[in-house]
Amino acid sequence: MSKKASAPVTGKDFDKAYNAPITFWGDVRIPKELEELIKTNNPKTSLELGCGLGRFSTYMAEQGIKATGVDFSSVAVEKAKKRVANSEHKPTFLEGDVTNLEMLNEQFDVSFDIGCFHCLDEEGQRKYVSEVSRLLKPGASLLIWAMDSSPSDIRITPDYIAKTFENRFQLVNSRFSRRRIIASHWYWLVRI
Ligand SMILES: C[S@@+](CC[C@H](N)C(=O)[O-])C[C@H]1O[C@@H](n2cnc3c(N)ncnc32)[C@H](O)[C@@H]1O
């Protein structure tokens with residue numbers, strides 16, 4: 001897979017990034033899109049793909065949702081677990097690759113991904129679609145934020161997302177974003 005030197009892609013790249021005191025993507029405010037995902041779907045369960053330090057799944061758990069976050073960086077998952085060790089509302093944080101989530105068998109009400117899908121190459125994206133399809137209930141929502149230019153040099157556009165997820169998900173909305181100054185999109189998909 002071709003890869004831009006500066007962008008982390010592998011688990012080792014991300015372990016290194018998470019061993020630093022702060023990551024450049026940070027984990028600051030909760031995106032309004034995530035708040036809307038809860039308001040619109042009123043989910044009982046959520047699955048976060050590429051949860052990093054777990055800020056967003058922790059927010060879901062604080063809203064009373066049974067939240068699960070998966071990330072392939074063991075460093076991130078350990079830090080995420082430590083951060084919530086004394087919280088009343090704890091998400092479940094699991095170390096795992098979003099292209100192979102065989103440790104999960106339940107079906108979730110919603111899923112979200114803030115910055116993970118664009119890390120994958122085409123084969124990884126195909127496996128991701130297959131796994132997320134298996135793990136979401138029919139009619140469940142999937143919210144993705146992805147950069148327009150991926151680290152593996154794939155141009156991610158609404159048409160590209162619609163095509164990549166076709167037959168499994170319907171792309172119901174997309175919106176251009178400058179989140180973190182990066183040309184990117186929010187995508188709203190529904191499991192068919
Ligand atoms: C840009 S970070 C975003 C983390 C978090 N969503 C946030 O916004 O703070 C992307 C995350 O996806 C994870 N990731 C990338 N590829 C992955 C894969 N194949 N399986 C699991 N996690 C992956 C990385 O370890 C990293 O934590």
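Two residues are taken to be in contact when their C-beta atoms, placed from the backbone, lie within 7 Å. The legends below describe a predicted model.

**Figure 1. Overall architecture of the protein, with six helices and seven strands.**
Starting at the N terminus, the elements follow the order α-α-β-α-β-α-β-β-α-β-α-β-β. Along the principal axes, the C-alpha atoms fill a box of roughly 45 × 40 × 30 Å. The radius of gyration is 15 Å, which agrees with the value near 16 Å that a compact globule of 192 residues would have. Of the 192 residues, 39% are buried. When contacts between residues at least 6 apart in sequence are considered, 65% of them join residues at least 24 apart.

**Figure 2. Close-up of helix α3, residues 55-62, and the elements that cover it.**
Helix α3 is mostly covered, since six of its eight residues are buried. These buried positions are F56, S57, T58, Y59, M60 and A61. Which elements cover the buried residues of α3? The covering elements include two helices, α2 (32-41) and α4, together with the strands β1 (45-49), β2 (66-71) and β4 (108-114). G64 follows α3 and has a positive phi, near 90 degrees.

**Figure 3. Close-up of F93 in strand β3.**
F93 has 26 other C-beta atoms within 10 Å and is therefore buried, the cut-off for a buried residue being 20 or more. Leaving aside residues up to four places away in sequence, F93 touches C51, G54, G69, V77, A80 and K81. The C-alpha atoms of F93 and S57 are 8.7 Å apart in space, although the two residues are 36 apart in sequence. S57 is one of the buried residues of α3.

**Figure 4. Close-up of the packing of helix α1 against helix α4.**
Two packed helices are described by the angle between their axes and the distance between the axes. Helix α1 comprises residues 11-19 and helix α4 residues 74-84; the angle between them is about 40 degrees, and their axes are 7 Å apart. The two helices are therefore oblique to each other. Helix α1 contributes F14, D15, Y18 and N19 to the contact, and helix α4 contributes S74, V75, A76 and K79. By residue class, the contact of α1 with α4 consists of four nonpolar, two polar and two charged residues. An α-helix has 3.6 residues a turn, so residues three or four places apart point the same way.

**Figure 5. Close-up of the ligand and the residues that surround it.**
The ligand is surrounded by 18 residues, the closest of which are F14, G50, G52, F72 and G115. F14 also takes part in the contact of α1 with α4. The shell around the ligand divides into nine nonpolar, five polar and four charged residues.

**Figure 6. Close-up of two non-glycine loop residues with positive phi, N42 and I181.**
N42 lies in the loop between α2 and β1. The phi of N42 is positive, at about 45 degrees, although this residue is not a glycine. With 11 other C-beta atoms within 10 Å, N42 is exposed. I181 is found in the loop between β6 (169-177) and β7 (184-191). For I181, which is likewise not a glycine, phi is positive at about 65 degrees. I181 is exposed because 6 other C-beta atoms lie within 10 Å, and a residue with 12 or fewer is exposed.

**Figure 7. Close-up of loop residues E88 and D121.**
Where is E88 placed? E88 belongs to the loop between α4 and β3 (92-95). E88 has 7 other C-beta atoms within 10 Å and so is exposed. From E88 to T164 the C-alpha to C-alpha distance is 38 Å, and the two residues are 76 apart in sequence. D121 occupies the loop between β4 and α5 (122-135). Is D121 buried or partly exposed? D121 counts as partly exposed because it has 17 C-beta neighbours inside 10 Å. From D121 to F169 the separation is 48 residues in sequence and 19 Å in space, C-alpha to C-alpha.

Definitions and conventions
Residues are numbered from 1 along each chain as its sequence is written. This is a predicted model: local features need pLDDT of at least 70, side-chain atom pairs count only at pLDDT 80 or more; totals for chains, interfaces and linings use all residues. Axes are lines fitted to C-alpha atoms, for helices over the stretch in contact, and angles run from 0 to 180 degrees between N-to-C directions. Helices (H or I, at least four residues) and strands (E, at least two) are DSSP runs, numbered from the N terminus. Angles under 35 degrees count as roughly parallel, over 145 as roughly antiparallel, 65 to 115 as roughly perpendicular and the rest as oblique. Ala, Val, Leu, Ile, Met, Phe, Trp, Tyr, Cys and Pro count as nonpolar, Asp, Glu, Lys and Arg as charged, and the others, Gly among them, as polar. The radius of gyration is taken over C-alpha atoms; the globule rule is 2.2 Å times the number of residues to the power 0.38. A residue is near a molecule or strand if its C-beta atom, placed from the backbone, lies within 6 Å of it.
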